[in-house]
Amino acid sequence: MSERLNCFYCRENLQGKKHAKKDDKPVCVRCFDKLCANTCAECRKPIGADAKELTHKNRHWHEGCFRCAKCYKPLANEPFAAKDDGKIMCGKCGDRDGSPRCQSCYKVITPGSKNVEYKHKVWHEECFICFECKQPIGSQSFLTKGDEMYCTACHDKKFAKHCARCKEAITSGGISYQDQPWHSECFVCSTCKKPLAGTRFTAHEDQFYCVNCYKADVAKKCSGCQNPITGFGRGTNVVNYEDKTWHEYCFNCKKCSLSIAHKRFVLNGNDIYCPDCAKKL
């Protein structure tokens, strides 16, 4: 004689009847649905004894409720991803949902697609374009102005200073003289081409000269000592008379050597005299 099969809860005879098991104990369908059924994580309704149940990490779903939270694709027999917020997604939507968005078009940048990263932001490669010419920058060098990106050519054309000599853009370094910008390599002595940045130089008729070239080729010669009048050091102050020029410290009486700068004097040939010595000639 077989052992009597009763529902664990209501003691109904289950012999020959459909029933379920809970912890290896027989339970009638009515008691199972009422007392034992798991709640579906999607629709929040009980998963009855007659329904097919899917379980993942202690959560339960009706088979028809186990679908992608984005595209609603059924996932009972498909690969899926479980997000930290509890959402279940198909592989494609899962990749998109966890991927960054392009700073230009705001669309998802899918894994494996070509992109450009800059300062913790990311763009599709084709969206990372010059603000001015609208051409893709790609892996080329670029410069920024505020939040805008520029290719090197457009940035130089729009923002860079241009050298007073060669008229080309100054992209780095450079010097300024009389409110004009220069490439360091363009600011050179007109005679020997020696770079003048950081050295003493002088300007004459819109040309620049190092000290040595100015002395040798440009500077007037003192009518007293015959040395160049450069304007440097002791030679800063000069005396001009007719077509002659002297260092101030050379403008002395030929006979008594008294300085006659800023005083009356007498020119006799190429020599200068104080008035007293001139009387004795």
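**Note on salt bridges and nonpolar cores**

1. Arg 30 is exposed, with a relative accessible area of 53%. The label follows because exposed means over 50% relative accessible area. The model under review is predicted, and this applies to every point below.

2. How many salt bridges does the rule give? The count comes to five. Three of the pairs are taken up here, beginning with the two that involve Glu 12.

3. Glu 12 pairs with Lys 17 in a salt bridge, and their closest N and O atoms are 3.0 Å apart. Glu 12 has 24% relative accessibility and counts as partly exposed. Lys 17 is also partly exposed, its relative accessible area being 43%. Neither residue is called buried, because that word is kept for values under 20%.

4. Glu 12 also meets the side chain of Arg 30 in a salt bridge, at 3.7 Å from N to O. What does this pair tie together? Arg 30 lies in helix H1 (residues 29–36), while Glu 12 lies in the segment before strand S1 (19–22), so the salt bridge ties together parts that are 18 residues apart in sequence.

5. Lys 18 and Asp 50 form a further salt bridge, with the closest N and O atoms 2.5 Å apart. This pair links distant parts of the chain, 32 residues apart: Lys 18 sits in the segment before S1, and Asp 50 in the loop between H1 and strand S3 (53–56). Are the partners buried or exposed? Lys 18 counts as exposed at 58% relative accessibility, and Asp 50 counts as exposed at 56%.

6. Which residues do shared partners join into one network? They are Glu 12, Lys 17 and Arg 30. Glu 12 is the shared partner, as it bridges to Lys 17 and to Arg 30.

7. The next points concern nonpolar residues. In soluble globular proteins, nonpolar side chains tend to be buried together. The largest nonpolar core in this model has 14 residues, and within it Trp 246 and Phe 251 touch the most other members. Strand S18 (271–273) and helix H5 (275–279) are the elements that give two or more residues to this core.

8. What does Trp 246 contact, once its neighbours within four places in sequence are set aside? The residues in contact include Cys 222, Ser 223, Gly 224, Ile 229, Val 238, Val 239 and Tyr 241. Phe 251 and Ile 272 are also among them.

9. There is a second, separate core of 13 residues. Its members include Cys 102, Ile 109, Cys 127 and Ile 137.

Note on methods:
Residues numbered from 1 in each chain as written. Predicted model: local features only at pLDDT ≥ 70, side-chain atom pairs only at ≥ 80, totals over all residues. Heavy atoms only, no water. Salt bridge = Lys/Arg side-chain N within 4 Å of Asp/Glu carboxyl O. Buried < 20%, exposed > 50% of the residue type's maximum accessible area, 1.4 Å probe, protein only. Helix = DSSP H or I, 4+ residues; strand = E, 2+ residues; numbered from the N terminus. Core = buried A, V, L, I, M, F, W, Y, C linked by side-chain atoms within 4.5 Å. Contact = heavy atoms within 4.5 Å.
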